[in-house]
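Trainee: Could you take me closely through one part of this structure, the place where two helices of one chain pack against each other, and then set that part in its surroundings?

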Amino acid sequence: MAHNAVMSLPRKERLILELLTSEGPMFGLQLVEHSDGALKRGTVYVTLGRMEAKRLVESQQEPVPPGGIGLPRRIYRPTALGERMLRVWTAFARELAWEMKP
Amino acid sequence: MSGSTIGPRVPGTTLLKIARLLFNEHLLSAVVQPTISDLQHEVGDAGPGGVKRLRAQWRGYCAFWTLALVAPFVSWASPAGDAGTVAFPDVIARLAVGSIVVTLLAVVGPVLAVWVTVVMVAGALFAIMIHAWYDRHPSDIPTPTEPQRRSPQINFSSTEVAGNMGGLIFVVGSVFIVAVGLPSVIWFMFAATVAGCFLAWGLVSWYTSHPKSGLPENRIILR
């Protein structure tokens, strides 16, 4: 993964990191439901996959209960790098907002 | 697909089969399977029947086809170690794009769907009419002996149109279809038509007064 790609934190990725940090590990559909429409069902896993490639989040398949039907879901949680990235980005955004204050 | 017990009536089974044809293994496990899994769990939570189940199915299917739309543009999904493998083969890409177009036509909404249908029907009728006219009045335009290699494009300026009734039908039909399909450019089309008429009038006048001038292909043959 390119260094520049890791350094950027788009709005959706920041929202996902905020939700996972504040609410705890979640499934993709739960992230969509908690995002107030900011995340969409059709694209949330594309964003999560990109974040996994950047090592900002990690995922694990849920254990399938006996007699369970269908594919197992993936549960997502932030990595240490993801949490640090969110802290740094939030501090940077706050500082920038302070600097740009009229 | 570890740990799954999929029966014949589980929703999303067909989608999973389609997905296996369309997507590489990495994209399948990271993106497609979780989307289908959400569909299955939501439908399962909705109960055996009723509107709630139908809504869950509709949302899940929409999510899948949205995913099919964006998947060709996902850059991180091609595993770096698989040098030489084709993640999204050309034929499969065409199949995907075709299915996406059909799905989009079905879901774009009632108003837009009506306009799309009108434009498609008008285009088909127009093509049939033009074809029938040229069957009866074969074109005098010489055809190249060797096929020209051109990149795929839609370029009205390169379309050869004769100065006869067929050409008029083509031009009027093209303008009508574009005006119906893109109502926001209708005034531009109107202005362009007026300007084009003035230009045509000027050219006809000039070539009438100078019948021997210009290159042979520029001489207007009025039939």
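**The H2–H5 packing in chain A**

Mentor: In this predicted model, the residues A:Arg14, A:Leu17, A:Glu18 and A:Thr21 of H2(A) are in contact with A:Gly82, A:Glu83, A:Met85, A:Leu86 and A:Trp89 of H5(A). Sorted by class, this contact between H2(A) and H5(A) is made up of four nonpolar, two polar and three charged residues. As for the geometry, helix H2 of chain A covers residues 11-23 and helix H5 of chain A covers residues 80-99, and the two pack at an angle of about 115°, their axes lying 10 Å apart. Because of that angle, H2(A) counts as roughly perpendicular to H5(A), and the crossing of H2(A) and H5(A) is left-handed.

To place this pair, consider the rest of the chain. Chain A has five helices and three strands, and their order from the N terminus is α-α-β-α-α-β-β-α. Of its 102 residues, 34% count as buried, and of the contacts in chain A between residues at least 6 apart in sequence, 53% link residues at least 24 apart.

The strands can be described around S3(A), residues 74-78, which pairs with both S1(A) and S2(A). Strand S1 of chain A, residues 26-27, runs antiparallel to S3(A) and is joined to it by two bridges, with A:Met26 having A:Tyr76 as its bridge partner in S3(A). Strand S2 of chain A, residues 57-61, is also antiparallel to S3(A), and this pairing extends over five bridges; here A:Glu58 has A:Arg77 as its bridge partner in S3(A). The two bridge partners just named lie on opposite faces of S3(A), since A:Tyr76 belongs to the covered face together with A:Arg74 and A:Pro78, while A:Arg77 belongs to the uncovered face together with A:Ile75.

Finally, there is the contact with the neighbouring chain, where 19 residues of chain A are in contact with 28 residues of chain B. On the side of chain A that touches chain B, the elements giving two or more residues are helix H3 (28-34) and helix H4 (44-53) of chain A, and H4(A) provides the largest share, six residues. By class, the residues of chain A on that side divide into eight nonpolar, six polar and five charged.

Methods: Residues numbered from 1 in each chain as written. Chains lettered and ligands numbered in written order. Predicted model: local features only at pLDDT ≥ 70, side-chain atom pairs only at ≥ 80, totals over all residues. Helix = DSSP H or I, 4+ residues; strand = E, 2+ residues; numbered from the N terminus. Buried ≥ 20, exposed ≤ 12 C-beta atoms within 10 Å, placed from the backbone. Contact = placed C-beta atoms within 7 Å. Axes fitted to C-alpha atoms, helices over the stretch in contact; angles between N-to-C directions. Parallel < 35°, antiparallel > 145°, perpendicular 65-115°, else oblique. Left-handed = near helix turned anticlockwise from the far one by under 90°. Nonpolar A, V, L, I, M, F, W, Y, C, P; charged D, E, K, R; others polar. Pairing = 2+ DSSP bridges.
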